[in-house]
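This briefing concerns one protein chain and the way its strands and helices are arranged. Please consult the sequence and the structure shown here before reading on.

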Amino acid sequence: MASSMNLYIGNLPPNCTDDTLRTLFEPYGTIVTLKALRDKGIGFVQYADAAAAASAIAAMNNVEVDGKVLLVKLADRNAGPKHAGKGGAAAPKVHVPRAPAPVDPNATDNLYVNNIPLTWSEADLNMLFGTYGPVVSSVVLKQKGSGQSKGAALVRFPDGATASTVVAALNGSMVEGATSPLEVRYADREQGAKARKAG
């Protein structure tokens, strides 16, 4: 399963970039995709196989990088520092995106995502967004006639709270292969219906 190849890295140094992540984790296997959320001190790395992910966990969990003790584990649907005890004093510094309280009153369970890489498929969407909660459905929006990606998508979650978490975590972030930061916002029903028909 993809989840056994996808790693969550917590307590990253504030200067950690995508290139830094790649330098740290590439020795353990082929990396499919990665991203560092510098403002949140976390990152995600997906390997081509589960063995590489397991090797990276064994080698990098609890390793100190620039004064920060890394938390490296398999990314789960509720990726968070619940088991960050080994990090000692550094553990409380791990900031994991979660739904704000109270939840945004404008939150819906359906998100519009713009500026995704043109090569992305629904599988890529599910890999990225599935780290924050179960994805009910996802669709890459395509040009009429040519069938080429518009660089936009719709992703639906079970509830507005999960969607709110995703907006807070990913809006304005860069992913590998993209030329501009992601725009992640709530899709209204009309927009969602029109976008699906356009596909």
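An open sheet of four strands, paired antiparallel, follows the order E8-E9-E7-E10. Its edges are strand E8 (137–142) and strand E10 (183–186), each of which pairs on one side only. From one strand to the next, the twist averages 20 degrees. The model is predicted.

**Pairing within the sheet**
- Strand E9 (residues 149–156) runs antiparallel to E8, and six bridges join the two.
- Within this part of the sheet, Ser138 stands opposite Val155 in E9.

**Helices packed on the sheet**
- Helix H3 (residues 122–129) packs on the sheet and touches strand E7 (110–114), E8 and E9.
- The direction of H3 makes about 130 degrees with that of E8.
- Helix H4 (residues 160–170) also packs on the sheet, where it touches E7 and E10.
- For H4, the angle between its direction and that of E10 is about 155 degrees.
- E7 is thus touched by H3 and also by H4.

**The chain as a whole**
- Five helices and ten strands make up the secondary structure of the chain.
- The chain has 199 residues, of which 46% count as buried.
- Among contacts in the chain with a separation of 6 or more, 64% are accounted for by residues 24 or more positions apart.
- The accessible surface of the chain comes to about 9900 Å², and 52% of this surface belongs to carbon and sulfur atoms.

Notes
Residues numbered from 1 in each chain as written. Predicted model: local features only at pLDDT ≥ 70, side-chain atom pairs only at ≥ 80, totals over all residues. Heavy atoms only, no water. Buried < 20%, exposed > 50% of the residue type's maximum accessible area, 1.4 Å probe, protein only. Contact = heavy atoms within 4.5 Å. Areas by Shrake-Rupley, 256 points an atom, 1.4 Å probe, with all protein chains shown as cover. Pairing = 2+ DSSP bridges. Axes fitted to C-alpha atoms, helices over the stretch in contact; angles between N-to-C directions.
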